[in-house]
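Thanks for coming. I will go through one structure today, starting from a single residue and working outwards. Please have a look at it first.

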Amino acid sequence: MKPTPRVVFAVIFVICAGLIAAALYLQEQEGLEPCPMCILQRYAFVALAIVALAGAIHGPRRGWPLYLYGGLATLVALVGAGIAARHSWIQWYPPQTESCGTDLEFLVNTFPISQALPKIFAGSGTCSKIDWTFLGLSLPNWAFLWFLLFGGAAAWVALATREK
C-alpha cells in the first residue's frame with residue numbers, strides 16, 4: 001500500500017518539529033550553544049516543516065499543487081543538506097585558526113547579505129567543534145541525513161503520483 005502525499009507531508013512535518021524540539025532541548029537543557037551554521041540548519045528545518053504542513057493540510061493527490069509542494073520541499077531539503085554538508089566538512093577539516101566567530105544575528109544585521117553569507121559559510125572555531133554525537137555522527141551529520149531523506153521522500157511523492 002502506497003502512502004498518500006498527505007501522510008508523507010504530515011510525517012515530514014512531525015519529524016521536523018521533533019528535530020527542532022530536540023535541538024532546543026540540547027540548547028536549553030544541555031547547554032549546547034548553536035553556531036551560525038547550526039542556526040541556518042534550524043531555519044531550513046522550519047521552512048521544510050512549513051512547506052510540509054501546507055502540503056499535509058491541502059492534501060493534493062495530483063497535478064501542479066502536488067508538484068509545487070514536492071518541489072519546494074525538495075528544494076528546501078537540498079539547501080539544508082548543502083548547509084549541513086558544509087558544516088560537516090568544517091568539522092572534519094577544521095580551519096587552521098580557531099576563533100569564536102560572531103553570531104548569526106550580528107552578521108546579518110551588520111553586513112549586507114552578500115557579505116554575511118560568505119562569512120557564515122566560512123565557519124569558525126565554534127562551527128568546527130563537535131559537542132555531541134550519537135552513533136558516531138555529529139549533529140550536522142544527522143541533519144544532512146535527515147535532509148536527504150526528506151528531500152527524497154518529497155521528490156518521490158511528487159513524481160510517483162504523476163498523472164498517466
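In which helix does Arg42 lie? Arg42 is in helix α2, which covers residues 36–58. Keep in mind that this is a predicted model.

Let me stay with that arginine for a moment. Arg42 is buried, yet it has no salt bridge. The nearest side chain of opposite charge is that of Glu28, and it is 6.9 Å away. A salt bridge here requires a side-chain nitrogen of Lys or Arg within 4 Å of a carboxyl oxygen of Asp or Glu, so at 6.9 Å Glu28 does not give Arg42 one. What does Arg42 touch, then, leaving aside neighbours within four places in sequence? Its contacts are Ala23, Leu24, Gln27 and Pro34.

Now the chain as a whole. The protein chain has seven helices and two strands. Read from the N terminus, the order of elements is α-α-α-α-α-α-β-β-α. There are 164 residues, and 38% of them count as buried. If we take the contacts with a separation of 6 or more, 83% are between residues 24 or more positions apart. The accessible surface is about 9,500 Å², and carbon and sulfur atoms account for 68% of that.

Next, the interior. How many residues does the largest nonpolar core have? It has 24, and the ones with the most contacts inside it are Phe9, Ile12, Cys16, Phe45, Leu48 and Phe147. Helices α1 (5–28), α2, α3 (63–92) and α7 (139–160) each supply at least two residues of this core. There is also a second, separate core of five residues, including Cys35, Met37, Leu40 and Ile90. To go back to Ile12, and not counting residues up to four places away in sequence, this residue touches Leu48, Ala52, Phe150, Ala153 and Ala154.

Two pairs show how residues far apart in the numbering are placed in space. For the first pair, take Arg6, in helix α1. Arg6 counts as partly exposed, because its relative accessibility is 41%. Arg6 and Gly59 are 53 residues apart in sequence, but 4.7 Å apart from C-alpha to C-alpha. Gly59 is also one of the contacts of Arg6, together with Ala56, Ile57 and His58, again leaving aside neighbours within four places in sequence.

For the second pair, look at Gly71 in helix α3. Why is Gly71 called partly exposed? The reason is its relative accessible area of 35%. The partner is Ala155, 84 residues away along the chain, and the two C-alpha atoms are separated by 6.6 Å.

Last, the outside of helix α3. Is Trp64, which lies in that helix, buried or exposed? Trp64 counts as exposed, because its relative accessibility is 65%. Trp64 also helps to make a nonpolar surface patch of about 620 Å², along with Tyr67, Leu68, Leu72, Leu75 and Val79.

To recap, we began at Arg42, which is buried and without a salt bridge, and we ended at Trp64, which is exposed. That is what I had; I will take questions now.

Methods
Residues are numbered from 1 along each chain as its sequence is written. This is a predicted model: local features need pLDDT of at least 70, side-chain atom pairs count only at pLDDT 80 or more; totals for chains, interfaces and linings use all residues. Side-chain values use heavy atoms; hydrogens and water are left out. Helices (H or I, at least four residues) and strands (E, at least two) are DSSP runs, numbered from the N terminus. Buried means under 20% relative accessible area, exposed over 50%, partly exposed in between (1.4 Å probe, protein chains only). Lys and Arg count as positive and Asp and Glu as negative; His and the chain ends are not counted. Contact means heavy atoms within 4.5 Å. Accessible areas come from the Shrake-Rupley method with a 1.4 Å probe; for residues, only the protein chains shown count as cover. A nonpolar core is a set of buried Ala, Val, Leu, Ile, Met, Phe, Trp, Tyr and Cys residues joined through side-chain atoms within 4.5 Å. Patches are made of residues with over 30% relative accessible area and no salt bridge: like charges are joined within 9 Å, nonpolar side chains (Val, Leu, Ile, Met, Phe, Trp, Tyr) within 5 Å.
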